[in-house]
Amino acid sequence: MICAGLDVGSRTIVLVTMDGSIVDSAILETGVNPLRRCQELLAARSYQRLVVTGYGRHLVSSAIGGETVSEIRAYAVGARYLYPDCRTVLDVGGQDSKVTLLFPEGEVLKFEMNDRCAAGSGKFLEVMAKTLEVDIGNLSALALSASRVVQINSLCTVFAESEVVSLISRGVESSAIAMALHEAIAARIAGMVRRIGPKEKVVFAGGAALNKCLCQLISEKLGIEITVPPEPQSVGAIGAALIAKSGVRLQHAAIEETKTEAIK
Amino acid sequence: MTTDNRQMWAELGIDLKKHDMLMNALPPIYKEIYLSQKNRPQGMGFFDFVVGDIHGIRVQELRQDAKNGTIVVATYCVFVPDEIVLAADAIPVGLCAGTQFSVPIAEEVLPRNTCALIKSSFGFKLGRICPYVQTSHLIVGETTCDGKKKMFEILAEYHPVYIMEVPNKKTQRSRDLWRGEVLAFKEVIEKKTGNKITADRLIKSTRLVNDRRRALQRLYNTRKANPVPISGKDALLATQVSFYDDVSRCIKQVNALCDEVEKRIANGEGVFPAKTPRVLISGSPMAIPNWKLHHILETAGAAVVCEESCIGTRMFSDLVPEKGGTVEEQLKAIADRYMQIHCACFTPNDERLDDIVRLAREYKVDGVVHYNLQFCHTYANEAVKVEKALAKEGIPLLRVETDYSDEDAGQLRTRVDAFLEMIRR
């Protein structure tokens, strides 16, 4: 049976189809009409079951069908599939960052999520890349080339941008500013991870995991090695596809069992 | 909206244009959040009527009383003893402070990083959009948080305000201070009304307010049943309305609702299926019309079965002993009862942690949601201890920090969905 997992995020939509193993995966920008994007992606593929996750899950599932599951759960299931010894999942996406601690058997034990704004998320780095006139894909390399240390104190996207502007006007080179931005966001994310009490193995997923500088800084701050999957943006969709296979309800029954076990 | 109402609002100095916007905004929200619910008790019809005419008939009643010389005393907090107000033949009325609508108005004066409850309440007065404030002769504030305390100073430029000092510790010295505050409040109310508070009047009003507490205790008791016979949203609304409705009518209506809901329990009927995850909400108060978190939780498939909140158990859990005695003895008993409210303004406040754990058990909940109004520092910091206490008991907790606006509805829904996936049976 072919199962589809669709992760409708704030910045990208990822579709993964699975039949025992991954059959196919595709990624598109979310844009202003996510529903149409999802329809395009799904029209080109055949599948028997669908589970939708991500920010737009309720919108898409009510229009297209399929059950919904939160990203927190989808990322947990996806990360465990890729790394069976994973105990902590860090997911930094377009507008949210989340960290989830798993039971040894893989179910969600607890999670933390950023509050209300885009501070500490991928969107923050995107806005800053624009201010520095670099492509988001090159921001990490630019930061890693920095030869001196400056500091950004604010993590609010709006205030940080004005801090960046003032650094630019003082003649500070972009590489140092880029590094300061990475430092600021990494400190914020590491704080959130520490709050939950991370257990190894830590898997870092979501679009921001593509940023090498960020991975390196978070790892340094936590003093833990972090593992980034080859396609970090697909982890949620993989999880959703796996949940589609076992059924959302069945999955819940399984949680209870593992929970009872874990408490014992 | 009758012409009578419009004329009344105009006489009260209401900003009619802004007020119309508010009155037009409420019905569609109420329809979506309340009337869309399935399987509601018929007894909620009264509360639907009350909200449908929120600035109408009750304000007319109060105005009529005021015209006959009765003093209307407006309050925001469960620390202000209604017994004393009623014993002087004055009418206590809890004010609204639960809508985003009045927040931008307040932000013209107050700092933005103030909690939504403070901004909302201040905005109602500043914008002249609340006929209850306009009808009232006195607003009684209190010192339960620094934000409110300083806001009341500014509010006093627009309306007569009296402040009761709620102490921050639970020592004997603090109790003595509070007893003094209660005594002073009695004198303030006597002076304002010109009525003498006698021992006889005080025991009568004490019994009356206790009866309201008993009615709400009875309502909350029904929520311990599984399946739960009434939605969290409906129970919350009944509690919110009890803050400003006539006390005797409130007792009658809540008890009528209980009669019906208890029959449901006897017949094994529920408003949600028996397997629905049961949630206790604990934290900052939810003033009317703040239904945001309950709505998100219940649309996501949870049942809110209890609120450890000032709009909840903190309001009615303890009764004042009905022993009578002299005015002084009774005031002492009243003061001591109010000191049992485990508000986060106290340090330490470990009794609240015990309450949360006890309520979680009594209401057989699957998880607790700690509700924090953004910038409500007392509850935010106390949440750290709540988290530890619940972890020790193995009770799952979700911490939510939000305000009255809808901008974070998507993020909240994600958290709530993930939490329910965790606790679902």
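This note goes through a predicted model, taking up the domains of chain A, a group of its strands, and the contact between chains A and B.

1. The division of chain A is a good place to begin, and here the chain is split into domain 1, which is made of 1-83 + 233-264, and domain 2, which covers 85-228. When the centres of these two domains of chain A are taken over C-alpha atoms, 25 Å separate them.

2. The two domains of chain A touch each other, and the contact draws 19 residues from domain 1 and 24 residues from domain 2. On the domain 1 side, α3 (71-82) and α10 (248-263) of chain A each supply at least two residues, and it is α3(A) that gives the most, with seven residues. Sorted by class, this side of domain 1 of chain A holds eight nonpolar, five polar and six charged residues.

3. Within chain A, strand β7 (residues 97-102) deserves a careful look, because five of its six residues are buried, and the strand is therefore largely enclosed by the rest of the structure. For a reader new to the term, a residue is called buried here if 20 or more other C-beta atoms lie within 10 Å of its own.

4. One partner of β7(A) is strand β6 (residues 88-92) of chain A, with which β7(A) pairs in the antiparallel sense over five bridges. As a landmark for finding this pairing in the structure, A:V92 stands opposite A:S97, the latter lying in β7(A). The connection from β6(A) to β7(A) is a hairpin, and it runs through four residues.

5. Strand β8 (residues 108-113) of chain A also pairs with β7(A), again in the antiparallel sense and over five bridges. Here a useful landmark is A:V99, whose bridge partner in β8(A) is A:E112. These strands, β7(A) and β8(A), form a hairpin with five residues between them, and in the turn A:G106 has a positive phi of about 110°.

6. The last point concerns the two chains, where eleven residues of chain B are in contact with 13 residues of chain A. On the side of chain B that touches chain A, the most is given by helix α19 (residues 409-423) of chain B, which contributes eight residues. By class, that side of chain B consists of two nonpolar, three polar and six charged residues.

Notes:
Residues numbered from 1 in each chain as written. Chains lettered and ligands numbered in written order. Predicted model: local features only at pLDDT ≥ 70, side-chain atom pairs only at ≥ 80, totals over all residues. Contact = placed C-beta atoms within 7 Å. Nonpolar A, V, L, I, M, F, W, Y, C, P; charged D, E, K, R; others polar. Buried ≥ 20, exposed ≤ 12 C-beta atoms within 10 Å, placed from the backbone. Pairing = 2+ DSSP bridges. Domains from an automatic or database assignment.
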